[in-house]
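Me: Please take a close look at one part of this model, with every criterion stated. I should like a single connected account.

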Amino acid sequence: MRGLGGSLLLGLAAATYFLTPVVEQFVRLTPARSYFLQRVPDRLDYLVLIGLIIALGLIAGSADWFGQQFSGSVRRLFEIPLWLMCALGIEHVVHQHLGRYAPVWNTVGAAWNRAGVSAINGWFITGLLCAMPVLAAFYFWPQAWSSAKAILCGGAAMVWLACGIKLIHPTVPLTNSRSVVAAPELKTAGSSRPGSPIVWIILDEWDYDLTFKRADQKVFPAFERLRSESMFLEKVRAAGTDTIVAIPSLLMGRRVTEYRPASAAGAKFLSSATAFESFPGPPTIFDSAGEFGYRTHIVGWYHPYCRIFAGRFDSCWWDDLRMQALRPGGSAAARAVAFLRESIELEAVPWLGPTNLLRRHVGRIDPMIEQASVAASHSGKSFAYLHLPIPHGPFFKRESDGGIVPQPSDVHGYQYGLDEADRALGIIRDAMTRAGVWDDALVVVTTDHPFRYQFEGGYGNGHIPMMIKFPHQTAPMVYSHPFQAVETKGLIEDFMRGGLPTPERAVAWLDRTGSNIPSSGAEGRPRAVPVALTSRK
């Protein structure tokens, strides 16, 4: 029995490491990480996780014990489940923790690209290669395997203890202020409030060069149509290199250099000052909208808009990012299947088909576009803030039959993210047109940061797109001055107070705002000029 007990204990440990993608999310849940969540795991989630560990551990442990009755290759054959679980656990740790740093990701991805392998497949192989020396030591050095058994069991025991504590003392449910955006009534004569609606669209990770400076001259219809009747800013610098700092910078109109979620209700940020300040704290664009009598409608993701800005909006809809693959809901069986898929499919390797992560991402896009279309269609003094998770990855291609084909997370896959963003802009515009508000609206379309993985250093040159369509504008203009995206809040506020009714008035405002931005000297500061755009093919 001693041999069987030891094998079962080792099997439980290996199963725990095999479920590392799930365990990391559940066990490492902290108040700061709960900032990003709509819902935290409940008791059933932890029960399902422990149940899976027990079931898989019994299978692997029994196979190991049975293999001990043999010798040589036959015995090694029955040890494969244990070793495979450990290998996949190591792969996940390497991929998840090293791959989060853009320079490391890009360097490894570029090396595999030169070998004809996509970056994401290359990272999967890299993780397995890191596991091979460990497994080789286990195979050729029995003493190492014996020592590792104690380490595996000790580490797994800590996980079981943490899960047990959560079963006894589950995490307090998060309070979310969330409302579905109600469809506006179509505008009729005399029914709208005075003032022009404002729509601020932030397409997450939208890149200037990969959209408008393409070598293949590909045209994105909705982008190009808007460019032909708006002010097109050519030299806009991003508010930050990551969403977590760029979005607060845009909302407050001041550059944030560091942002630290502190709890589900808020965070701390550091700007040019030496001390951290609370967020929300300083006035945001939502406070300005209320001051000027605008109704505010928010549709966003990642940052918990509906929770941290409670009381500052008329309607709000948001979707979180963290643990998105681990909140399937439903029965215990449904959750168990989701957890197994997350562990087996790993990091969305394309040839394994769509993972939970990709399915969740695709499943959030269409509802968000629908909600964004409704929020943007209100007439009168309405401010719609739309932060959409496109062209941000994971990338996918829509097939004509409705199927989803995963794409790599490099420049080639980004192409399909741009297609999704262009499609979304077209849908929102059509909804505004049907509601009769497109011509009257100020529409600002920009992003938080450029595509991060196109260069080995990450983030390219920080150059992002921005287009501003003023009410009743039909002719294009190109603005060639440098402009900081963090100043967008001030531009919208001046429009709210009636100071920027036309593109021509906005040019003077942009010139004054950018007067302190260093110029290269050679190009000077030419004013924005109307242009006749030629179609690109």
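Reply:

**A buried lysine and its surroundings**

Lys 469 is buried (under 20% relative accessible area with a 1.4 Å probe, protein chains only; exposed is over 50%, and partly exposed lies in between), yet Lys 469 has no salt bridge, and the nearest side chain of opposite charge, Asp 439, is 5.6 Å away. A salt bridge requires a side-chain nitrogen of Lys or Arg within 4 Å of a carboxyl oxygen of Asp or Glu; for charge, Lys and Arg count as positive and Asp and Glu as negative, with His and the chain ends not counted.

This is a predicted model, in which local features need pLDDT of at least 70 and side-chain atom pairs count only at pLDDT 80 or more, while totals for chains, interfaces and linings use all residues. Residues are numbered from 1 along each chain as its sequence is written, and side-chain values use heavy atoms, with hydrogens and water left out.

Lys 469 belongs to strand 13 (residues 467–469); helices (H or I, at least four residues) and strands (E, at least two) are DSSP runs numbered from the N terminus. The side chain of Lys 469 reaches the backbone oxygen of Trp 438 at 3.1 Å, and one of its polar atoms lies 3.0 Å from the backbone oxygen of Ala 441. Leaving aside residues up to four places away in sequence, Lys 469 touches Leu 226, Glu 229, Ser 230, Trp 438, Asp 439, Ala 441, Leu 442 and Val 443, where contact means heavy atoms within 4.5 Å.

Strand 14 offers a further view. Seven of its eight residues are buried. Gln 484, found in strand 14, counts as partly exposed because its relative accessibility is 21%. The side chains of Gln 484 and Arg 255 are joined by a polar contact of 3.1 Å; such a contact is a pair of N or O atoms within 3.5 Å, where within protein one must be able to donate a hydrogen and the other to accept it, and residues adjacent in sequence count only if both atoms are side-chain atoms. Strand 14 pairs with strand 2 in the parallel sense over six bridges, pairing being assigned if DSSP finds at least two bridges. Within strand 14, Pro 482 stands opposite Lys 235. Both strand 2 (231–237) and strand 14 (477–484) are among the elements covering the buried residues of helix 17.

As to confidence, the protein chain averages a pLDDT (the predictor's confidence in each residue, from 0 to 100) of 82, and 85% of the residues score at least 70.
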